[in-house]
Amino acid sequence: MNFYSRIITVFAGVVFFGAAIAQTKHTIIVKANQPIAEIQPTMWGVFFEDINMGADGGIYAELVKNRSFEFYKPLMGWEIHQKKFNEGSVLVLNRQGTNISNPRFVCISANDVAKGDLSLTNEGFRGMGIKKDLQYDFSVMYRQAVPGVKIHIELINAKNEVIGAAALTPPGIGKEWKKQSVSFQSTATEPKAKLKLSFEGKGVIDLDMISLFPQDTWKSRRGGMRADMVQLLADMKPGFVRFPGGCIVEGHDLSLRYQWKKTIGPIEERQMIVNRWNSEFAHRPTPDYYQTFGLGFFEYFQMAEDIGAAPLPILNCGMACQFNTAEVVPMDQLEPYIQDALDLVEFANGDITTKWGKVRADMGHPAPFNMKMMGVGNENWGPQYIERLKVFQKAIKEKYPDIKLVTSSGTDPNGERFEYLDGELRKMKADVIDEHYYRRPEWFFQNAARYDNYERNGSKIFAGEYAAQSDKTVSVKNQNNWQTAIAEAAFLTGLERNADVVVMASYAPLFAHIDGWQWRPDMIWVDNLRSYGTPNYYVQKLYSLNKGTHTIPALLNGKPLTGQDSLYSSAVIDKHTNEVIIKIVNNAPVAADIVFSVDGVKRLASEGTMTVLTGESIEQVNSLDAPLAISPVAQSLKTNGKKVSASLKPFSFSVIKIGMK
Ligand code: AHR
């Protein structure tokens, strides 16, 4: 136990950050004229996976759960109300023979019913978040053998009051499916609303794809994404978006793997599957968690483009999750998987005269998405992975030599499995090796120098999934507290310092719904109406918004700061703005007085900024009610020639930015 951890232990329970005892003054030499490596524009990105209701029930703004009756229990999420019992007035039908993607629908037989006599109510994803005075788009697919049924559409609040209503009487008769839509305004805000469809009149009508979207979606796209959630990502200016995962790529078994071709085109033709996180943890079952793919590959590419991030799709490599079934496709049946990868390049980048380029254009995006990299496999391991990966590598590189391939080093950042994969991947001259670390905060501090002695040539590193675990991996006790965030901030100095080796990094998982999560910690938490960034989010954001163009030395007594006196630091210059940017973590319970002396400049601008992230205690967290409790606070900083002095708060992460003359 070192001096500072002893102090923390003594004060455990009343952890405080106000201690006045300052450390000895340190002078850190920053060599602005000695760029070590170029920082890739992709350096700081985001990892998106449909876990914790991140997509369905989260960023995908659909409010109706089980809109197409394809859940294992077809009426899950729906409740039938009948004034008079009438057997068979609501039937679930299955047209498996004629529609494989979306076989089920409901048939309503109304026999002279009055409004309120027969209704179907949808509970939403842990309720529906409804905002006062906002327009909502209701739509339904229908066909009717006997016309005459009027549908009353009502939003109901927790007190059973109507807070928005519309009605429609679908026209026509026949076997063809049609779509009807109506928009209406809500009269109140309600976090846990329901949608009630009451039938009136006499007739027989089939209903499918019953949908409700708010109109305040990201870029006001109809049927789009929750704007507040996308905005939090956009605010980070991420270099890339990795999607769709994560284990979701692998699937519980191969039949449940993520297949991008089934996630594009008209939404009623996207074949839904159970979400693999539905039953993953016995302690957090989520039986109503499915993937509708309303948010599919087209939408992922589009979102990445919207926020200026490079798309990084990860594809299944012919292996299901090795924690689950560990199914592998036989080598002689790998071809469709390879074809999916090749076709994805054409879908993303191909001319509109190509088969898949035309599909993209028909969906509304004739211009290419400019995809430059792709992952093969998520957390896959063993010789079975390498054997399959080699076939992918050969096929993709032959046809698309410029596409960079991201490859898996498994689940852990060390151990035999990791060593084996790292060795094999380097022999294969893998472009980028994806490393994952879900570890305790101590690990992050101890590994701030992890990449200082890594192989400089050959394969590059993608820190593709990481998060400090305040308890342990998959523990429900994990918190996004300040201790985890500061540990990550310290570790990231090591990635930035080694930008010649580490070319991309992303925290994981990204989103979690407070009523629907399976895994914690997570970077951004939401309920049906609100969202907030954790302290970990602000660490990511500070790195991304201050990424600079070149990493430079920041030295204490001639050495990088990797924990001496609990200090961790890295520095960059930005050649576009001619600024020097220093990141520094003080992981001590006392302030640290630092003089930064910047070599290689005539002088510094007379004033710079110091942005500080800190908490009142290492256990402190942000929450929906206190979303900014731990968030960056900027102050100005006077310089003196080539020097600048700063007092670093106890347990703080600071970003100092100064113009160079
Ligand atoms: O981020 C949660 C999960 O952690 C990912 O799906 C998987 O890749 C890793 O094990």
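Strand 20 (residues 460–468) and strand 21 (residues 502–507) run parallel and are joined by 4 bridges. Helices (H or I, at least four residues) and strands (E, at least two) are DSSP runs, numbered from the N terminus, and two strands pair if DSSP finds at least two bridges between them. One of the matched positions is A463, whose bridge partner in strand 21 is A505. Strand 21 is mostly covered, with 6 of its 6 residues buried. Here, buried means under 20% relative accessible area, exposed over 50%, and partly exposed in between (1.4 Å probe, protein chains only).

A word on the background: this is a predicted model, in which local features need pLDDT of at least 70 and side-chain atom pairs count only at pLDDT 80 or more, while totals for chains, interfaces and linings use all residues. Residues are numbered from 1 along each chain as its sequence is written, and side-chain values use heavy atoms, with hydrogens and water left out.

**Around the ligand**

Let us turn to the ligand. The residues around it are E49, G246, C247, W277, N378, E379, Y438, E465, P509 and W519; a residue is listed if one of its heavy atoms lies within 4 Å. Several side chains make polar contacts with it, meaning a pair of N or O atoms within 3.5 Å; within protein, one must be able to donate a hydrogen and the other to accept it, and residues adjacent in sequence count only if both atoms are side-chain atoms. The table lists three of these.

| Side chain | Ligand atom | Distance |
|---|---|---|
| E379 | oxygen | 2.7 Å |
| Y438 | oxygen | 2.7 Å |
| E465 | oxygen | 2.7 Å |

On its own the ligand has 290 Å² of accessible area, and the protein covers 96% of that. Accessible areas come from the Shrake-Rupley method with a 1.4 Å probe; for residues, only the protein chains shown count as cover.

**A three-stranded sheet**

Further along the chain, 3 strands form an open sheet with mixed pairing, in the order 22-23-24. Strand 22 (511–513) and strand 24 (531–533) stand at the edges with a single partner strand each, so one side of each is left without a neighbour in the sheet. From one strand to the next, the twist averages 20 degrees; axes are lines fitted to C-alpha atoms, for helices over the stretch in contact, and angles run from 0 to 180 degrees between N-to-C directions. Strand 22 pairs with strand 23 (residues 524–526) in the parallel sense over 3 bridges, and F511 stands opposite I524 in strand 23.

F511 also appears among the contacts of G54. Which residues does G54 touch, leaving aside its neighbours within four places in sequence? They are F48, E49, I59, M229, Y289 and F511, where contact means heavy atoms within 4.5 Å. G54 is placed in the loop between strand 3 (46–47) and strand 4 (78–82), and is buried at a relative accessible area of 0%.

**Two buried asparagines in loops**

N478 lies in the loop between strand 20 and helix 9 (482–497). With a relative accessible area of 0%, N478 is buried, and its side chain reaches the backbone oxygen of K472 at 2.8 Å. Not counting residues up to four places away in sequence, N478 touches Q469, S470, D471, K472, T473, R520 and P521.

N622 is found in the loop between strand 31 (607–614) and strand 32, and counts as buried at 3% relative accessibility. A polar atom of the N622 side chain lies 3.1 Å from the backbone oxygen of G533, and the side chain also reaches the backbone nitrogen of I630 at 2.6 Å. Among the contacts of N622 are P535 and Y538, both of which are listed with the buried residues of helix 10. In helix 10 (residues 535–545), 9 of the 11 residues are buried, so this helix is largely enclosed by the rest of the structure.

**Strand 33 and its partners**

In a regular strand the side chains alternate between the two faces of the sheet. Along strand 33 (residues 643–648), V644, A646 and L648 point to one face and are buried, while K643, S645 and S647 point to the other and are not.

Strand 33 pairs with strand 30 (residues 592–599) in the antiparallel sense over 6 bridges, and D593 has S647 as its bridge partner. Strand 32 (residues 633–640) also runs antiparallel to strand 33, joined by 2 bridges, with N640 partnered by K643. Strands 32 and 33 form a hairpin with 2 residues between them, and G641 in the turn has a positive phi of about 65 degrees.
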